[in-house]
Amino acid sequence: MSRSLDGRRILSCRPETRAAALHAAIQDAGGTVVHLPLIAVVPPADGGEALRAALSRLDRYDWVACTSPAGAAALAGTEQPRRIRAAGVGDSTAKAFADIDWTVDLVAGEETAAGLSRSFPVGSGRVLAVLGELAGDDLRRGLEARGYEVETVVAYRTVQPDHTTEQLAAAGCCDSVVVSAPSVVERLVALLGAGVPRRAVAYGPRSGAAARAAGLEVIVATSPRPVDVVAALAGGPDPAPPIRRSPESTE
C-alpha cells in the first residue's frame with residue numbers, strides 16, 4: 001500500500017455524515033486527518049412537510065433526482081416504486097441511494113447539478129428533484145431543456161456548527177486542506193484567517209477558483225473520489241510549512 005501522505009496533516013471540512021471514505025483514504029496513505037466540519041445537515045425550515053407531501057404522491061413521477069447524499073438520505077423510509085427511476089450525482093450519492101435500498105438507474109460522472117441534467121436522455125416525463133435549501137436552478141433548467149417537467153422540493157438545509165478553541169488551533173497546524181465548494185473556502189477564511197493551510201486540494205474548478213482568490217496554492221483533483229483527492233494531495237510541489245497561531249491571535 002502506498003504511503004504517499006506519510007507525515008502529512010490534512011484538514012478535512014466534510015460533514016460528519018460524508019467524511020468516512022475520504023478520511024479512510026487519507027489514513028490508508030499515511031496521512032493524519034484533522035476534521036473541522038463546516039456544515040451540518042439539518043431538517044428544512046418546514047420540518048420536512050413539503051418533502052412528505054411530495055413522497056405521498058411519488059407514483060406521479062417518473063424519476064427522482066438528487067444532487068447530494070443528503071438528498072438521497074432524506075428518502076429513507078420511503079419504498080422505491082417499481083416504475084420510478086433514481087438519478088444521482090457521483091458515487092457518494094449512488095451509495096446513499098443504495099444505503100436506503102433504492103436502485104440507481106443513472107449516475108452522473110460530472111459531479112454537478114448541470115452535469116446530472118446533461119446525463120439524462122432527451123425525452124419527457126416528470127422528475128422530482130430532492131435538493132438542499134441552497135441548491136441553485138441548474139438541475140431544473142437543464143432537465144426542462146431536455147424535455148422534462150420538474151418539481152423541486154427542499155429536503156434539508158445546512159448550518160454552521162460551533163467549534164472549540166482546540167479544534168481551531170488544530171486546524172491551523174495542517175499543511176493542506178481539502179475544499180469541496182466556494183462556501184467552504186469562505187467559511188475557512190472567516191474561521192481561521194491567516195491560519196488557513198496554504199495548500200488546497202479542490203474538488204472542482206469553482207472551489208479551486210475560490211481558493212486561489214483567497215491566496216492559496218491550489219491543485220484541482222481529477223474527480224471528488226477519495227482516491228483522486230489523495231492523489232492530488234500527494235502530487236505537486238512540497239507543501240509549505242503551516243502557519244501556526246495561538247488561539248488568542250487576532251491576525
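**Note on the predicted model**

1. Trp63, Phe120 and Tyr148 form one aromatic cluster. Keep in mind throughout that this is a predicted model. The count of aromatic pairs comes to 3. One of them joins Phe120 and Tyr148. Their rings sit edge-to-face, 5.4 Å centre to centre, with 75° between the planes.

2. Where does the pair of Phe120 and Tyr148 lie in the chain? Phe120 is in the loop between helix H5 (113–119) and E7. Tyr148 is in the loop between helix H6 (138–145) and E8. The two residues are 28 residues apart, and the pair links distant parts of the chain.

3. Are these two rings buried or exposed? Phe120 has a relative accessible area of 1%, so it is buried. Tyr148 is buried as well, because its relative accessible area is 6%; the cut-off for buried is under 20%.

4. Now the overall form. The protein chain has 10 helices and 11 strands. Its radius of gyration is 19 Å, and the globule rule gives 18 Å for 251 residues. The two values are close, so the chain is as compact as a globular protein of that length. Along the principal axes, the C-alpha atoms fill a box of roughly 55 × 35 × 30 Å.

5. Burial and surface come next. Of the 251 residues, 43% count as buried. The chain exposes about 12,100 Å², and carbon and sulfur atoms supply 50% of that area. Among contacts with a separation of 6 or more, 58% are between residues 24 or more positions apart.

6. Which residues have the most contacts inside the largest nonpolar core? They are Val64, Leu75, Trp102, Leu128 and Val130, in a core of 21 residues. Several elements each supply at least two residues of this core. The helices are H2 (49–56), H3 (69–73) and H4 (90–99). The strands are E4 (63–66), E7 (126–132) and E8 (149–159).

7. Leu128 deserves a look of its own. Set aside its neighbours within four places in sequence. Leu128 is then in contact with Ala54, Leu55 and Leu58, and with Tyr61, Trp63, Val64 and Ala65. Glu151 and Val153 complete the list. Trp63 also belongs to the aromatic cluster of point 1.

8. There is a second, separate core. It has 19 residues, including Leu38, Ala171, Leu192 and Ala202.

9. Gly71 is in helix H3. Its relative accessibility is 0%, so Gly71 counts as buried. What does Gly71 touch, not counting residues up to four places away in sequence? The answer is Cys66, Val130 and Tyr156. Val130 is one of the residues with the most contacts inside the largest core. Gly71 and Arg83 are 12 residues apart along the chain, and their C-alpha atoms are separated by 20 Å.

10. How many disulfides does the structure hold? The number is 0. Cys174 is in no disulfide: the nearest cysteine sulfur belongs to Cys173 and is 7.3 Å away. A disulfide needs the two sulfur atoms within 2.5 Å, so the sulfur atoms of Cys174 and Cys173 do not qualify.

11. The burial of two cysteines can be stated too. Cys174 has 1% relative accessibility, so it counts as buried. Cys66, a residue that Gly71 touches, counts as buried because its relative accessibility is 0%.

Terms used
Residues numbered from 1 in each chain as written. Predicted model: local features only at pLDDT ≥ 70, side-chain atom pairs only at ≥ 80, totals over all residues. Heavy atoms only, no water. Buried < 20%, exposed > 50% of the residue type's maximum accessible area, 1.4 Å probe, protein only. Core = buried A, V, L, I, M, F, W, Y, C linked by side-chain atoms within 4.5 Å. Helix = DSSP H or I, 4+ residues; strand = E, 2+ residues; numbered from the N terminus. Contact = heavy atoms within 4.5 Å. Rg over C-alpha atoms; globule rule 2.2 N^0.38 Å. Areas by Shrake-Rupley, 256 points an atom, 1.4 Å probe, with all protein chains shown as cover. Phe/Tyr/Trp six-rings, centres within 6.5 Å; stacked < 30°, edge-to-face > 60°.
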